[in-house]
Amino acid sequence: MTERSFPGRRWVGGRTIARRMAELDPVRDHEELTRLTVEVRYGDKLFVHAAYLVAFARQVAVPSIARTVYRRGTGDLIRDVRRRNDHTLVFFGEMLRHGHTGERGRAAIDRMEAIHSRFGIGHDEKLYTLASLAFEGERIAGNLGLDPFTDAERVAQYHFWRGVGERMGLTVPETAAAFQGWALAYERAHYGHTEGGRALVDQLFADWRARWFPGPAGHLGDGVLRLLMDDHLRATHHLAAPPRPLTALAPTALRGYLAVQAARPHRPERSWVDHFADPGALDIAAYGHRPTPA
């Protein structure tokens, strides 16, 4: 992994981070540039959680993936949605903060692969899951008329997730455009409504409400999460469109958020792991799903 930016500094201003990001090469330094983009600058817990949930809803819009995750109502996401989501986000956080070439990042990838190997997940299903991670932040922003990432940041994120995919043994398309095109074609060919997929999405909404919009605010929370999904995804899961007032107000509110993020101080060592891991030492080799004893 490339040398980390700002060693020993607890807080760094947003403009200083932006200057450092502009100095990094998006291919050679893609691990550090991606980490600064998605963990440091845009790594607020609420926004990470939201993008992850939408990406997961995309994955279970594919019936074969939904069957694997739902497992006739016995899957981890049904039994304990918060724990399942936290564990997955910690895996991604370890990859991002240590890089796919770093020892701890590779250990997180290998642990996830060991878990997934129990369920017979096919190459293209894994590749589509990877695409949903690589492009969801940009996709959500674009659907709302926003463009928070520079060209260099987009290139770096593609190379980061391509590196993760290659560690997983996947054949990843050789350009970001080709990978995005493949993912969109896969969605057109494979999306389909299933009862299991909708049950999983309902669990994702439940986790979202419990963390951010408890009690009477839950209705608003549902609208926010639906807003972040495009028409095809909502239609596949039989979800209603978001409220019109929310659709009208959200782009302005998010532009304000992005402006604040660009200027405010950040902790350069911030990680998704900080948000979603339990306190104490993290033993990644034993983390995540374990088979239910017979």
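1. A cavity here is a set of grid points where a 1.4 Å probe fits but cannot get out. This is a predicted model, and with that rule you get one cavity of 30 Å³ or more.

2. How big is the largest cavity? Its volume comes to about 630 Å³. Its wall is made up of 32 residues, and if you want to find the centre on screen, look for Arg-84, Thr-88, Met-112, His-116 and Ile-121, which lie nearest to it.

3. Which helix gives the largest share of that lining? Helix 6 does, with seven residues. Several other helices chip in at least two residues each, among them helix 3 (45-59), helix 7 (103-116), helix 8 (123-143) and helix 9 (151-167).

4. As for the chemistry of the lining of the largest cavity, 18 residues are nonpolar, eight are polar and six are charged.

5. On to the rings: there are eleven aromatic pairs. One of them joins Phe-135 and Phe-179 edge-to-face, at 5.4 Å centre to centre with 70° between the planes. That pair links distant parts of the chain, since Phe-135 sits in helix 8 and Phe-179 in helix 10 (residues 176-190), 44 residues apart. Both of these Phe residues, Phe-135 and Phe-179, are buried.

6. Trp-208 and Phe-213 make another aromatic pair, this one tilted, with 5.6 Å centre to centre and 45° between the planes. Buried or exposed, these two, Trp-208 and Phe-213? Trp-208 is buried, and Phe-213 is as well.

7. Last one to look up: Tyr-128, Trp-182, Tyr-186 and Tyr-191 are joined into a cluster by ring pairs.

Conventions
Residues numbered from 1 in each chain as written. Predicted model: local features only at pLDDT ≥ 70, side-chain atom pairs only at ≥ 80, totals over all residues. Heavy atoms only, no water. 1 Å grid on protein atoms, 1.4 Å probe; cavity = no way out; pocket = protein on both sides within 12 Å on 5 of 7 lines; lining within 4 Å. Points joined across faces, edges and corners; volume = space filled by probe spheres on them. Helix = DSSP H or I, 4+ residues; strand = E, 2+ residues; numbered from the N terminus. Nonpolar A, V, L, I, M, F, W, Y, C, P; charged D, E, K, R; others polar. Phe/Tyr/Trp six-rings, centres within 6.5 Å; stacked < 30°, edge-to-face > 60°. Buried < 20%, exposed > 50% of the residue type's maximum accessible area, 1.4 Å probe, protein only.
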